[in-house]
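Trainee: I should like to learn how to read a protein model feature by feature. May we work through one together?

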Amino acid sequence: MSVVEGKAMTAIADVAASRTFDGVDLHALAAAIQTPFYAYSANAIRQRIAGLQTAFDGLDHRICYAVKANSNIAILQLMAHQGIGADIVSVGELQRSLAAGIPAERIVFSGVGKTREEIGKALAVGVWRFNVESADELALLEQVAKEQGACARAAVRINPDVDAQTHAKISTGKAENKFGVSIDEARRWFVQSSGSAHLRLDGLHAHIGSQILSLEPFRRALRRVEDFRRELVEAGHEIRSVDIGGGLGVSYRAGLDRPVDVNEYAALVREIFASFNGTLVLEPGRYLVGEAGILLTRAIRVKSAGEREFLVVDAAMNDLLRPSLYEAWHDIVPLHDRREPARYDVVGPVCETGDTFARDRAMTRCRAGDLLMIGGAGAYGSSMASTYNSRPLTAEVLLDDGRYAVIRRRQSFAEMVAGEQLPQAWNET
Ligand SMILES: *Cc1c(COP(=O)(O)O)cnc(C)c1O
């Protein structure tokens, strides 16, 4: 069975036609929960996980979900129940993962800005390995491990200098990006670290970017990593893990985006790493959750300005930042039966011109109060949300076979301003 088929019916056209998502009636849901809110299909996520696990079946591998894609604890618990680990980039993500039941030994810690405090905490709980991105960080990791009387397991993040052919803001594997180190630098690290009592540098890591829609960038980057691994082994270094990162793209434009087939991706990985007998680590984020989520919103009003018509909805850039930040496309579908065509600039209420979900978008004519869904909102949606314009964080709902559970209440005003206070005592430093 293809991973996009099955009862969850995540294809946006199916959801639009049936007005149901994972068996839940969307109009009834929106009557019970104030819009805007996110809804995620548990079955769609499970299907993605199963598809990936099947594709890599028989290969020594671990899937560590990139928590930043959607870090709701209920989503992380769903991952934990499927045996998935976590790829974290902060202590906050570490705490969420542990709270959700993902064991420390399934957690990898990535990121260019790990602080001494963060390294200390992650080491103390026993995370599986650190993906190290600079010489300074490597030295700090060794020092903190020594102080704790521990031995840190580490992989070096290689910057393979490959163009991921994706949006510049989500491209991470070019030499000019801040991520990883060159192969020349990594080579020196292996020489310097061999024999360290507190640092076991025995892994390689590469993550070249996100929303990648072709196998070619993966092929080029992974070949470089594998060539380097062989060179290291010939030089007498032991490499126990190769982390091939995340980056698998999803479909944001129904019928137009053509995501990589995971079976072809897995075949490529099998071919390139045929002579490697350690553990392969995968860090998918968007691929597991992106198409499993929608953002439900209602039209506030239609505003005409000369030729243009603005459809003002109650969701905004603070809820879903991707269109403003990356000029990302999201399919937007009104959930009504009227047929009259219209073209809208779909905008939110925030006081920014950038608060635009779509420009001159063809859809059916809408009225105030109409329910619409914004597709492909499961990844980098709620996890990037803010309270800009003093708009509370939206609710999130998990759907599972006709049932739903609120997995984040809509933030109250008191919660939004918690921590703010008037100056009570003025301190001098
Ligand atoms: C963001 C990130 C990922 C996940 O990327 P996706 O494109 O969502 O799969 C994986 N690894 C690292 C190091 C990341 O920073």
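The dialogue below goes through the ligand site, a helix, some backbone features and a few single residues.

Mentor: Please keep in mind from the outset that this is a predicted model.

Trainee: Let us begin with the ligand. How many residues surround the ligand, and which are the closest?

Mentor: One begins by listing the residues around the ligand. Here 15 residues surround the ligand, and the closest are Lys68, Ser210, Glu283, Arg286 and Tyr380.

Trainee: What is the make-up of the shell around the ligand in terms of nonpolar, polar and charged residues?

Mentor: The shell divides into 3 nonpolar, 7 polar and 5 charged residues.

Trainee: Which atoms of the ligand lie 2.8 Å or 2.6 Å from polar atoms of Lys68, Glu283 and Arg286?

Mentor: To read polar contacts, one looks for pairs of N or O atoms within 3.5 Å. A polar side-chain atom of Lys68 lies 2.8 Å from an oxygen atom of the ligand. With Glu283, a polar side-chain atom lies 2.6 Å from a nitrogen atom of the ligand. For Arg286 the partner is a polar backbone atom, 2.8 Å from an oxygen atom of the ligand. The protein covers 94% of the 380 Å² of accessible area that the ligand has on its own.

Trainee: In which pocket does the ligand sit?

Mentor: The ligand sits in the second largest pocket.

Trainee: Let us turn to a helix. Which residues of helix H4 are buried?

Mentor: A residue counts as buried when its relative accessible area is under 20%. In helix H4, which spans residues 73-81, the buried residues are Ala74, Ile75, Leu76, Leu78, Met79 and Ala80.

Trainee: What is found at the start of H4, and what is found just after H4?

Mentor: It is useful to examine both ends of a helix. At the start of H4, a side-chain oxygen of Asn72 reaches to within 2.8 Å of the backbone nitrogen of Ala74. Just after H4, Gly83 takes a positive phi of about 80°.

Trainee: Which residues have a positive phi although they are not glycine?

Mentor: Such residues are read together with their place and their exposure. One of them is Arg19, with a phi of about 55°. Arg19 lies in the loop between helix H1 (12-18) and strand S1 (20-21). Another is Asn389, with a phi of about 70°, and Asn389 is in the loop between S17 and S18.

Trainee: Are Arg19 and Asn389 buried or partly exposed?

Mentor: Arg19 counts as buried, because its relative accessibility is 17% and the cut-off for buried is under 20%. Asn389, at 33% relative accessibility, counts as partly exposed.

Trainee: Where does a cis peptide bond occur?

Mentor: For a peptide bond, one reads the omega angle. A cis peptide bond joins Thr35 and Pro36, with omega at about -5°. Pro36 lies in the loop between helix H2 (26-32) and strand S3 (37-41).

Trainee: Which contacts does the side chain of Arg391 make?

Mentor: A polar atom of the Arg391 side chain lies 2.8 Å from the backbone oxygen of Asp314. A polar contact of 2.6 Å also joins the side chains of Arg391 and Asn318. Arg391 is in the loop between S17 and S18, and Arg391 counts as buried at 16% relative accessibility.

Trainee: Where is Gly376 found, and why does Gly376 count as buried or exposed?

Mentor: Gly376 is found in the loop between strand S17 (371-374) and strand S18 (395-400). Gly376 is buried because its relative accessible area is 11%.

Trainee: How does one compare separation in sequence with separation in space?

Mentor: One sets the number of residues beside the distance between C-alpha atoms. Val313 and Gly369 are 56 residues apart in sequence and 9.1 Å apart in space. Val313 is found in strand S13 (residues 308-313) and counts as buried at 1% relative accessibility. Leu26 and Ala39 are 13 residues apart along the chain, and their C-alpha atoms are separated by 9.3 Å. Leu26 is in helix H2 and counts as buried at 0% relative accessibility.

Trainee: What is the C-alpha separation of Gly85 and Phe310?

Mentor: Their C-alpha atoms are separated by 43 Å, and the two residues are 225 residues apart along the chain. Gly85 is in strand S5 (residues 85-88) and is buried, with a relative accessible area of 2%.

How values were computed: Residues are numbered from 1 along each chain as its sequence is written. Side-chain values use heavy atoms; hydrogens and water are left out. A residue is near a molecule or strand if one of its heavy atoms lies within 4 Å of it. A polar contact is a pair of N or O atoms within 3.5 Å; within protein, one must be able to donate a hydrogen and the other to accept it, and residues adjacent in sequence count only if both atoms are side-chain atoms. Accessible areas come from the Shrake-Rupley method with a 1.4 Å probe; for residues, only the protein chains shown count as cover. On a 1 Å grid over the protein atoms alone, a cavity is a set of points where a 1.4 Å probe fits but cannot get out, and a pocket is an open set with protein on both sides within 12 Å along at least five of seven lines; lining residues have an atom within 4 Å of a point. A molecule sits in a cavity or pocket if more than half of its atoms lie within 2 Å of its grid points. Ala, Val, Leu, Ile, Met, Phe, Trp, Tyr, Cys and Pro count as nonpolar, Asp, Glu, Lys and Arg as charged, and the others, Gly among them, as polar. Buried means under 20% relative accessible area, exposed over 50%, partly exposed in between (1.4 Å probe, protein chains only). Helices (H or I, at least four residues) and strands (E, at least two) are DSSP runs, numbered from the N terminus.
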